[in-house]
Amino acid sequence: MNIKHVFIAFIAAVSCQVAQAQSVVEDFKPSSVNQPGKMFPQVNSEGRVRVSIPAPNAQKVQLDIGGVKYDLKKDDKGVWTGESAPQVEGFHYYQLNVDGASVPDPGSLYFYGASRWGSAIEIPAPDQDFYAQKDVPHGLVSQKMYFSKVTNSWRRCFVYTPAEYDKNPSKRYPVLYLQHGSGEDETGWPTQGKANLILDNLIAAKKAVPMIIVMDNGYATKANASAPSKSAFPFEEVMINEIIPMIDASFRTLSDREHRAMAGLSMGANQTITITMNNLDKFSYIAGFSGTSNYPRTEAIDVDKFMGGKFKDGAALNKQIKLFWLGLGTVEPAPFPGSVKAFRDMLEKQGVKYTYYESQGTAHEWLTWRRDLNQFAALIFK
């Protein structure tokens with residue numbers, strides 16, 4: 001390439017950058033999940049995320065969001081600023097990369113996701129009203145500590161009780177056990193998922209039956225094991241032998257299977273379907289949000305070998321399961337669409353009734369799962 005071609009390429013690159021800069025809509029506003037008083041990060045009407053951080057001695061700073069790293073620019077005061085391409089609506093984890101070190105954004109609140117406490121941002125959604133904090137009666141999210149003999153350790157769950165719970169001391173309530181995904185913990189649903197606000201709004205609008213929701217940590221390690229398990233075991237032992245009896249003893253529950261449901265997202269969906277199908281004497285409502293018990297496999301399921309043939313008799317399952325729910329975002333990445341499709345194909349072949357829901361325009365993230373919970377909770381225990 002000669003000097004003339006290099007010059008032409010340089011001019012083209014500069015023109016492209018200028019055009020890109022001019023195309024950014026300058027209506028950025030502070031994110032709804034910023035720390036108090038912090039102006040950054042910000043979001044504009046296109047869904048772009050703009051961050052800003054003072055780092056006068058840094059050589060390179062990037063915004064890392066959605067699997068893409070965006071270079072920031074430093075001004076004469078040593079403040080680095082820049083923005084991402086438009087992001088899909090919903091809740092997204094992100095981080096900053098300062099000279100090769102990945103760090104949280106000091107302007108955002110911190111959330112536990114991707115196996116760490118870090119930054120996240122909300123890209124406003126047109127239907128955000130269903131999880132908004134409104135002037136309606138609000139339930140209580142309490143923290144329940146308990147000692148697990150299975151894991152030989154102290155564990156914690158969060159328990160949502162509806163606004164009317166303390167006003168009706170003789171009334172008993174159905175229970176939904178609600179699980180987080182991989183790399184998250186029991187703080188996910190009451191914080192990122194806004195489960196309490198979703199139920200407050202549904203109950204206030206008389207769209208859902210008042211219920212108790214239990215949100216526990218899906219990671220469990222046997223006393224003689226070295227690492228937490230992502231599978232249903234030993235969490236299944238904790239759930240069946242410890243959590244459910246503890247909740248029934250501590251709260252005014254309706255403790256029969258007809259009034260007990262379980263739902264989970266991604267890894268939690270895998271755990272949910274495995275645990276409930278192994279214990280149909282204890283659950284009658286099942287929901288998998290962006291996940292199934294065959295994840296990550298996308299090939300056709302051999303129903304005779306899959307989960308010990310538990311899905312072979314569709315007619316019998318239809319008598320036991322009041323609602324089998326599957327949900328998926330329309331822009332979820334592989335292998336989730338293929339894995340869920342293979343599972344659905346198996347259910348249909350065996351004649352197992354289920355309800356399928358698609359969250360329009362969302363990926364493998366919390367807006368998909370908030371929408372799932374909003375739809376699922378309105379149907380159960382009726």
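User: Asp-99 is found in the loop between strand S8 (90–98) and strand S9 (101–103); why is Asp-99 called partly exposed?

Analyst: In this predicted model, Asp-99 has a relative accessible area of 43%. Buried means under 20% and exposed means over 50%, so Asp-99, at 43%, is called partly exposed.

User: What is there to say about the phi of Asp-99?

Analyst: The phi of Asp-99 is positive, at about 50°, although Asp-99 is not a glycine. As a general background, most residues other than glycine have a negative phi. Asn-152, which is not a glycine either, has a positive phi of about 55°, and its place is in the loop between S12 and S13. A positive phi, near 60°, is also found at Lys-206, which follows H3.

User: Why is Asp-216 called buried?

Analyst: The relative accessible area of Asp-216 is 1%, and the cut-off for buried is under 20%, so Asp-216 is called buried. This residue lies in strand S15 (residues 212–216), and, leaving aside residues up to four places away in sequence, Asp-216 touches several others, including Arg-155, His-180, Glu-186 and Ile-243.

User: How do you know that a polar contact joins the side chains of Asp-216 and Tyr-146?

Analyst: The contact between these two side chains is 2.8 Å, whereas the limit for a polar contact is a pair of N or O atoms within 3.5 Å. The value of 2.8 Å for Asp-216 and Tyr-146 therefore falls inside that limit.

User: What makes H3 largely enclosed by the rest of the structure?

Analyst: Nine of the ten residues of H3 are buried, and therefore H3 is described as largely enclosed. Among them are Ala-195, Asn-196, Asp-200 and Ile-203, and the buried residues of H3 pack against S12, S13, S14, helix H2 (188–191), S15 and H8. As for H8 (residues 366–377), its axis and that of H3 (residues 195–204) come within 10 Å and cross at roughly 35°; there, Ala-195, Ile-198, Leu-199 and Leu-202 in H3 meet Arg-370, Leu-373, Asn-374 and Ala-377 in H8.

User: Why is H4 called oblique to H5?

Analyst: The two helices pack at an angle of about 50°, with their axes 10 Å apart. An angle has to be under 35 degrees to count as roughly parallel, 65 to 115 to count as roughly perpendicular, and over 145 to count as roughly antiparallel; about 50° fits none of these, so H4 is oblique to H5. The residues making the contact are Phe-235, Glu-236, Met-239 and Ile-240 of H4 and Gln-271, Thr-274, Ile-275 and Asn-278 of H5.

User: Where in helix H4 does a kink lie?

Analyst: The kink, of about 30°, lies at Ile-243 in H4 (residues 235–250), shortly before the proline Pro-245. Ile-243 is one of the buried residues of H4, and what covers those buried residues includes strand S12 (140–148), S15 and helix H5 (267–278).

User: How do you know that the peptide bonds from Phe-40 to Pro-41 and from Tyr-295 to Pro-296 are cis?

Analyst: For the bond joining Phe-40 and Pro-41, omega is about 10°, and for the bond from Tyr-295 to Pro-296, omega is near 5°. In general, most peptide bonds are trans. Pro-41 has its place in the loop between strand S1 (29–30) and strand S2 (42–43), and Pro-296 lies in the loop between strand S17 (285–289) and helix H6 (314–320).

Conventions:
Residues numbered from 1 in each chain as written. Predicted model: local features only at pLDDT ≥ 70, side-chain atom pairs only at ≥ 80, totals over all residues. Heavy atoms only, no water. Helix = DSSP H or I, 4+ residues; strand = E, 2+ residues; numbered from the N terminus. Buried < 20%, exposed > 50% of the residue type's maximum accessible area, 1.4 Å probe, protein only. Polar contact = N/O pair within 3.5 Å; in protein donor to acceptor, adjacent residues only side chain to side chain. Contact = heavy atoms within 4.5 Å. Bend = angle between axes of the 7 residues up to and from the residue. Axes fitted to C-alpha atoms, helices over the stretch in contact; angles between N-to-C directions.
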